Protein chains: 2
Amino acid sequence: MGTIGDLGEFALIGRLTRRLPQGPAVRLGPGDDAAVVAAPDGRVVATTDLLVEGRHFRRDWSGPYDIGRKAAAQNLADVVAMGARPTALLVGFAAPPGTGVEWAERLYDGLADECRVAGASVAGGDVVGAPEVALAVTALGDLGGAAPLTRSGGRPGDVVAVRGRLGFASAGLALLAAGRDGPAELIAAHRRPEPPYTAGDEARAHGATALLDVSDGLVQDLGHIAEAGGVRIEVDSAAVPVPEILGPDGLRHALTGGEDHGFAATFPESAALPPSWRTIGRVVEGTGVRVDGRDPPAGAWDHFPV
Amino acid sequence: MGTIGDLGEFALIGRLTRRLPQGPAVRLGPGDDAAVVAAPDGRVVATTDLLVEGRHFRRDWSGPYDIGRKAAAQNLADVVAMGARPTALLVGFAAPPGTGVEWAERLYDGLADECRVAGASVAGGDVVGAPEVALAVTALGDLGGAAPLTRSGGRPGDVVAVRGRLGFASAGLALLAAGRDGPAELIAAHRRPEPPYTAGDEARAHGATALLDVSDGLVQDLGHIAEAGGVRIEVDSAAVPVPEILGPDGLRHALTGGEDHGFAATFPESAALPPSWRTIGRVVEGTGVRVDGRDPPAGAWDHFPV
């Protein structure tokens with residue numbers, strides 16, 4: 001089917017755009033200087049992530065469709081983590097000219113399909129030549145008249161609860177790094193996170209005082225809630241969901257593994273949480289995060305390691 | 001002052017964020033899962049560009065401050081080209097861990113200053129490690145209740161007019177490529193475009209039927225107006241502003257040079273345009289762009305050249 005360099009920028013944009021169904025929030029989709037997206041609330045929630053080959057994904061470990069799903073998911077989850085509903089994605093796509101057109105098309109299929117799951121669509125973007133593949137994804141969302149659910153609202157006495165998988169993506173990555181090809185469920189979790197996109201609405205319905213998506217590891221991300229709220233988070237490790245499939249390092253994966261894009265929230269103690277939310281700790285006076293009363297294990301990641 | 005790798009992701013974000021004044025449109029700035037930006041119109045204009053080192057800028061040809069100004073300018077101009085007013089920028093910043101902290105700070109100073117010129121501010125973003133510097137810039141804007149000024153509204157009988165510099169950035173780039181260091185005005189134009197951000201309001205006030213920013217070269221970008229509107233654009237080369245400083249290749253630079261981020265628009269023939277807008281041609285039945293009745297010169301760029 002040829003390479004994107006053979007096709008050229010404008011023909012490539014045309015090919016990719018044809019694969020992007022536009023949802024009702026998109027008032028003007030790809031093809032002009034900018035997109036126009038509905039923001040009925042009068043405010044727009046907006047977040048952006050830059051994903052770089054070799055750092056955030058490897059083309060030998062993940063196919064283009066899964067890379068697209070994952071790139072979309074992590075940004076859509078950030079919108080949901082504000083208590084908003086995703087409306088649209090903008091995608092900047094950098095790739096070597098020798099990249100196959102079919103590879104690019106599968107990438108955009110993944111972006112479009114993940115958007116559909118979250119109720120959004122890919123409304124615009126940019127394609128450029130570069131030595132490595134990179135994806136710049138911006139997600140937009142609408143608050144529907146409600147206040148944003150920030151990281152700062154956790155108060156002493158609140159409970160801490162999580163929704164969605166923890167440690168699966170990290171365990172899957174460890175398997176790939178060790179050259180193993182199973183358990184398939186873990187490797188699939190690394191390749192394609194499944195953020196529970198209803199978590200924002202659920203958290204709001206149950207009076208959440210703070211909400212974020214777990215992208216860098218539970219302990220590290222709870223640290224953001226602690227810091228933003230000026231409180232301490234105490235985690236009871238026995239309450240953290242650690243399915244047997246995570247293996248002997250399961251608790252470590254669940255506490256420090258990133259990229260599952262589940263959600264963590266604080267709720268008033270009186271909240272009657274549904275079983276999909278697991279209470280794992282509480283908010284107290286103080287600073288930082290404690291696990292079983294001690295300093296948490298190291299291992300949370302940093303985008304600029306030595 | 002050290003490198004961004006020594007500093008680490010979160011400390012770097014803190015350092016950079018402190019340099020970003022927040023304008024009135026930003027309801028929630030950097031530090032949470034997403035920003036919240038005012039969209040009083042009930043719609044938001046959104047555009048994204050990915051800029052890659054060695055392709056869109058060279059660190060030996062442009063300093064960090066100018067790279068920041070230019071990256072912001074090209075996206076802010078896209079918002080203005082919809083007839084909207086810029087409100088906020090989101091910036092994804094990829095860089096090698098050995099990049100100096102001061103270099104990054106100057107980059108963000110440039111982003112912030114260009115935003116201020118356009119009435120916007122940097123409301124959020126992302127930093128990641130990568131082999132090369134890359135910038136993913138998303139700009140948001142508000143239409144203030146008006147219809148977007150798209151590329152498709154040019155009608156036979158309309159006049160074609162331009163606002164802002166043409167060919168300056170291209171001529172400056174040619175000088176740098178030839179190892180020359182002047183004329184300084186041209187080299188400065190390559191490093192830091194100066195989009196006339198009032199052009200959107202002006203175009204709307206004079207009844208523009210189509211508007212875009214000239215990013216890839218006048219002839220190529222007029223081709224987008226021709227294609228989107230199903231019309232032909234006829235350019236009179238003698239009417240195209242070609243200041244003497246552009247040198248012997250001035251007309252070629254003005255017709256095919258990109259990155260000045262001036263604006264081109266179509267207006268009803270009756271429009272009484274101010275002198276800052278220069279009428280350079282007209283819209284007729286047909287397809288494509290003609291310069292003095294002939295096919296235009298080649299030389300417009302493509303992001304995936306051979």
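**Exercise 1. Which residue of E11(A) stands opposite A:Ile233?**

Solution. The model is predicted; local features need pLDDT of at least 70, side-chain atom pairs count only at pLDDT 80 or more, and totals for chains, interfaces and linings use all residues. Residues are numbered from 1 along each chain as its sequence is written, chains are lettered from A and ligands numbered from 1 in the order in which they are written, and side-chain values use heavy atoms, with hydrogens and water left out.

Step 1. Locate the strands. Helices (H or I, at least four residues) and strands (E, at least two) are DSSP runs, numbered from the N terminus. Strand E9 of chain A comprises residues 232-235, and strand E11 of chain A comprises residues 277-284.

Step 2. Establish the pairing. Two strands pair if DSSP finds at least two bridges between them. E9(A) and E11(A) are joined by four bridges in the antiparallel sense.

Step 3. Read off the partner. The residue opposite A:Ile233 is A:Val283 in E11(A).

**Exercise 2. Describe the six-stranded sheet of chain A and the helices upon it.**

Solution.

Step 1. Order the strands. The sheet is open, its pairing is mixed, and its order is E8-E10-E7-E11-E9-E12 in chain A. Its edge strands are E8 and strand E12 (289-291) of chain A, each of which pairs on one side only. On average, neighbouring strands of this sheet are turned by 25 degrees against each other, direction ignored.

Step 2. Examine one edge. Strand E8(A), residues 210-214, runs antiparallel to strand E10(A), residues 262-267, with five bridges between them. Within this pair, A:Asp213 faces A:Phe263 of E10(A). Five of the five residues of E8(A) are buried, where buried means under 20% relative accessible area, exposed over 50% and partly exposed in between (1.4 Å probe, protein chains only).

Step 3. Place a helix. Helix H3(A), residues 64-80, lies across E8 and E10 of chain A and runs at about 175 degrees to E8(A). Axes are lines fitted to C-alpha atoms, for helices over the stretch in contact, and angles run from 0 to 180 degrees between N-to-C directions.

Step 4. Place a second helix. Helix H8(A), residues 218-229, packs on the sheet and touches E7 (159-163), E8, E9, E10, E11 and E12 of chain A. The direction of H8(A) makes about 155 degrees with that of E8(A).

**Exercise 3. How do H2(A) and H4(A) cross?**

Solution.

Step 1. State the geometry. Two packed helices are described by the angle between their axes and the distance between the axes. For helix H2(A), residues 9-17, and helix H4(A), residues 101-118, the axes come within 9 Å and cross at roughly 40 degrees.

Step 2. Classify the angle. Angles under 35 degrees count as roughly parallel, over 145 as roughly antiparallel, 65 to 115 as roughly perpendicular and the rest as oblique. H2(A) and H4(A) are therefore oblique to each other.

Step 3. Give the handedness. The crossing of H2(A) and H4(A) is right-handed; a crossing is right-handed if the near helix is turned clockwise from the far one by less than a right angle, and left-handed if anticlockwise.

Step 4. List the contact (heavy atoms within 4.5 Å). A:Leu12, A:Arg15 and A:Leu16 of H2(A) meet A:Val101, A:Ala104, A:Glu105 and A:Tyr108 of H4(A).

**Exercise 4. Which strands pair with E6(A), and is E6(A) covered or uncovered?**

Solution.

Step 1. Consider burial. Strand E6(A), residues 134-142, has nine of its nine residues buried.

Step 2. Separate the faces. In a regular strand the side chains alternate between the two faces of the sheet. On one side of E6(A), A:Ala134, A:Ala136, A:Thr138, A:Leu140 and A:Asp142 are buried, and on the other A:Leu135, A:Val137, A:Ala139 and A:Gly141.

Step 3. Find the partners. Strand E3(A), residues 43-52, pairs with E6(A) in the antiparallel sense over eight bridges, and A:Ala46 has A:Leu140 as its bridge partner. Strand E4(A), residues 85-95, is likewise antiparallel to E6(A), over nine bridges; here A:Leu89 stands opposite A:Ala139.

**Exercise 5. Where does A:Ala147 lie?**

Solution.

Step 1. A:Ala147 belongs to the loop between E6 and E7 of chain A.

Step 2. Neighbours within four places in sequence being left aside, A:Ala147 is in contact with A:Arg43 and A:Arg204.
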